[in-house]
Amino acid sequence: MGDMPAFIAVETGGDGDLPLAIAWSLDDGRIKHTLIQPDEDWLDAETVSLGDYSREELASIGVSPLDVIRELETDHFNATLLTAGVFDDEAAISRLFDTYGLDPFVELAPAETLYPDLDPGEWARARNELFGELGLEPMRPEQEVEVMLHLHRRLSGSVEDE
């Protein structure tokens, strides 16, 4: 295949910019996904929300923010990644990079901009319907990326959905 656009999604804690999990697509349509070990500086606030995860779970299963950045760099250096939630995802990505004093080397853009022929709101409606069709959850980044990939295939007519 090799011509798939790159999609990304970040699951965040209750405050909106604490990255807990991340997923992105590769140009062959595969999806990479991992939990993120929270940096100690991120956990200072008493009210920090870790969503459905415990600190122990993120620490033991997650990978360090620096490893996430390195992997993202390997896959998408200087790329524009498409997302369903630009502002939340940008805030979370910025937090990852800020932890190490780095400037993000990826740009995020709204996924619906790939489809200029769609009426405003049509992409979001189709996305929401597809979550229901596939029985997936929009809060899980790997499922968000999967839905954006399916929707892209459907809208671009490149591959019939399974």
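**Entry 1: the ring cluster**

I started with the aromatic rings and found Phe 77, Phe 97 and Phe 105 linked by ring pairs into a cluster. Note to self: this is a predicted model, so I am reading a prediction here. I counted the aromatic pairs next, and the structure holds two.

The pair I checked first was Phe 77 with Phe 105, which is tilted, with 5.4 Å from centre to centre and 40° between the planes. Where do these two sit along the chain? Phe 77 is in the loop between H2 and E4, and Phe 105 is in the loop between H3 and E5. They are 28 residues apart, so this pair links distant parts of the chain.

Then I looked up the other pair, Phe 97 with Phe 105. The ring centres are 5.0 Å apart and the planes meet at 80°, so I wrote this pair down as edge-to-face. The cut-off I needed for that is over 60 degrees.

Buried or exposed, I wondered about Phe 97 and Phe 105? Both of them are buried. For Phe 105 the relative accessible area is 12%, and buried means under 20%. Phe 77 comes out at 46% relative accessibility, so I put it down as partly exposed.

**Entry 2: a neighbour of Phe 77**

While I was in the loop between H2 and E4, I also stopped at Asn 78. Its phi is near 55°, which is a positive value in a residue other than glycine. Asn 78 has 59% relative accessibility, so it counts as exposed.

**Entry 3: helix H3**

Phe 97 took me to H3, which runs over residues 86–98. I did the length check: 13 residues at 1.5 Å a residue should span 18 Å. The end C-alpha atoms are 17 Å apart, which agrees.

Which residues of H3 are buried? My list reads Val 86, Asp 89, Ala 92, Ile 93, Arg 95, Leu 96 and Phe 97. I then looked for what covers them, and the cover includes strands E1, E2, E4 and E5 as well as helix H2.

**Entry 4: strand E1**

E1 was in that cover, so I went there next. Five of its five residues are buried, so the rest of the structure largely encloses E1. A reminder from the textbook: side chains in a regular strand alternate between the two faces of the sheet. I sorted E1 by face and got Ile 8, Val 10 and Thr 12 on one side, with Ala 9 and Glu 11 on the other. Both faces are covered.

What does E1 do with E2? The two pair in the antiparallel sense over five bridges. I traced one of these, and Ala 9 has Ala 23 in E2 as its bridge partner.

**Entry 5: Ser 25**

Still in E2, I picked out Ser 25. Its relative accessibility is 0%, so it counts as buried. What does its side chain reach? It gets to the backbone nitrogen of Phe 7 at 2.8 Å. A polar atom of the Ser 25 side chain also lies 3.5 Å from the backbone oxygen of Pro 5. Leaving out residues up to four places away in sequence, I found that Ser 25 touches several others, including Ala 6, Arg 30, Ile 31, His 76, Val 145 and Leu 149.

**Entry 6: Thr 34**

I took a quick look at E3, residues 31–35, where Thr 34 lies. At 19% relative accessibility it counts as buried, since the limit is under 20%. Not counting neighbours within four places in sequence, Thr 34 is in contact with Ala 21, Ile 22, Val 63 and Val 68.

**Entry 7: helix H4**

Last stop was H4, residues 122–134. I ran the length check here too: 13 residues should span 18 Å, and the end C-alpha atoms are 18 Å apart, which agrees.

The buried residues of H4 are Trp 123, Arg 127, Leu 130 and Phe 131. They cover an arc of only 105° around the axis, which means they are on the same side of H4. What is exposed on the other side? I found Glu 129, Gly 132 and Glu 133 there. The cover over the buried residues of H4 includes helix H5, residues 141–156. Just after H4 comes Gly 135, and I noted its positive phi of about 70°.

Technical notes: Residues are numbered from 1 along each chain as its sequence is written. Side-chain values use heavy atoms; hydrogens and water are left out. Helices (H or I, at least four residues) and strands (E, at least two) are DSSP runs, numbered from the N terminus. The expected span of a helix is 1.5 Å times one less than its number of residues. Buried means under 20% relative accessible area, exposed over 50%, partly exposed in between (1.4 Å probe, protein chains only). Contact means heavy atoms within 4.5 Å. A polar contact is a pair of N or O atoms within 3.5 Å; within protein, one must be able to donate a hydrogen and the other to accept it, and residues adjacent in sequence count only if both atoms are side-chain atoms. Rings of Phe, Tyr and Trp (its six-membered ring) pair if their centres lie within 6.5 Å; planes under 30 degrees apart count as stacked, over 60 as edge-to-face and the rest as tilted. Two strands pair if DSSP finds at least two bridges between them. The arc is that of the directions from the helix axis to the C-beta atoms.
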